[in-house]
Amino acid sequence: MNYQLYSNVILLCNFPEEGLDADDIGTVVEQHHVEELETGYSVEFFDLLGNTVAVVTLPGSYLRSPTSADRPTVRLVNSLAA
């Protein structure tokens, strides 16, 4: 799948070291094309206040496009709860 810059994508796997879980929603901020490798994407993830949580570079197979069946949800991240 080819994701356009600034499009929303959904993470397919957990990245606990980055505080990210599968199904988190991010925004594509860069595409990375390397000959003979899968296209990669830098994806920025935000909290609901618009603060950056993480920016990670991932292969496209770790992402999917949102569908009309998707609904955003909220989860409390204990390390950020105050």
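**A five-stranded sheet, its core and its salt bridges**

The side chains of Glu-44 and Thr-52 are joined by a polar contact of 2.4 Å. This pair offers a convenient way into the structure, which is a predicted model. Glu-44 has its place in strand E3, and Thr-52 belongs to strand E4, which covers residues 52-59. What else does Glu-44 touch, leaving out residues up to four places away in sequence? Besides Thr-52, the list holds Gly-26, Thr-27, Val-29, Ala-54 and Val-55. Glu-44 is buried, yet no salt bridge is found for this residue. The nearest side chain of opposite charge belongs to Arg-75, and Arg-75 is 15 Å away. Arg-75 returns below, in the account of the salt bridges.

Val-29, one of the residues touched by Glu-44, is found in strand E2. Is Val-29 buried or exposed? With a relative accessibility of 26%, Val-29 falls in between and counts as partly exposed, because the term buried is kept for values under 20% and exposed for values over 50%. Once neighbours within four places in sequence are set aside, Val-29 is in contact with Leu-5, Ser-42, Val-43 and Glu-44. For Val-29 and Val-43, a separation of 14 residues in sequence goes with a C-alpha to C-alpha distance of 5.6 Å. A useful contrast comes from Glu-35, which lies in the loop between E2 and E3. Glu-35 and Asn-8 are 27 residues apart in sequence, and their C-alpha atoms are 25 Å apart in space. Glu-35 counts as exposed, at 71% relative accessibility.

The strands met so far can now be placed in the sheet. In what order do the 5 strands stand? They form an open sheet that reads E4-E3-E2-E1-E5, with antiparallel pairing. The edges are taken by E4 and E5, and each has a single partner strand, so one side of each is left without a neighbour in the sheet. In general, the strands of a sheet pair through backbone hydrogen bonds, in a parallel or an antiparallel way.

Strand E1 shows this pairing in some detail. E1 and strand E2, which spans residues 25-32, run antiparallel and are joined by 3 bridges. Along this pair, Asn-8 stands opposite Thr-27 in E2, while Ile-10 stands opposite Ile-25. E1 also pairs with strand E5, residues 63-64, in the antiparallel sense over 2 bridges. Here the bridge partner of Leu-11 is Leu-63 in E5.

Leu-11 and Leu-63 meet again in the nonpolar core. Which residues have the most contacts inside the largest nonpolar core, a group of 13 residues? They are Leu-11, Leu-20 and Leu-63. Strand E1 (8-11), strand E3 (40-46) and strand E4 (52-59) each supply at least two residues of this core. Leu-11 itself touches Leu-20 and Leu-63, along with Phe-45, Leu-58, Tyr-62 and Ala-22. The contacts of Leu-11 also include Asp-21, Asp-23 and Asp-24, and two of these acidic residues, Asp-21 and Asp-24, are linked with Arg-75 in a network of salt bridges.

How many salt bridges does a search of the whole structure find? The search gives 3. In one of them, Arg-75 is bridged to Asp-21, with the closest N and O atoms 3.0 Å apart. Arg-75 lies in the segment after E5 and Asp-21 in the loop between E1 and E2, so this pair ties together parts that are 54 residues apart in sequence. Arg-75 also meets Asp-24 in a salt bridge, at 2.6 Å from N to O. This second pair likewise links distant parts of the chain, as Asp-24 is in the loop between E1 and E2, 51 residues from Arg-75. Within the network, Arg-75 is partly exposed, with a relative accessible area of 36%, and Asp-21 is partly exposed at 31%. Asp-24, in contrast, is buried, because its relative accessible area of 16% is under 20%.

A further salt bridge is formed by the side chains of Arg-64 and Asp-70, at 2.8 Å from N to O. Arg-64 falls within strand E5, which holds residues 63-64. Arg-64 counts as partly exposed at 25% relative accessibility, and Asp-70 is partly exposed at 25% as well.

Key:
Residues numbered from 1 in each chain as written. Predicted model: local features only at pLDDT ≥ 70, side-chain atom pairs only at ≥ 80, totals over all residues. Heavy atoms only, no water. Core = buried A, V, L, I, M, F, W, Y, C linked by side-chain atoms within 4.5 Å. Buried < 20%, exposed > 50% of the residue type's maximum accessible area, 1.4 Å probe, protein only. Helix = DSSP H or I, 4+ residues; strand = E, 2+ residues; numbered from the N terminus. Contact = heavy atoms within 4.5 Å. Lys, Arg positive; Asp, Glu negative; His and termini not counted. Salt bridge = Lys/Arg side-chain N within 4 Å of Asp/Glu carboxyl O. Polar contact = N/O pair within 3.5 Å; in protein donor to acceptor, adjacent residues only side chain to side chain. Pairing = 2+ DSSP bridges.
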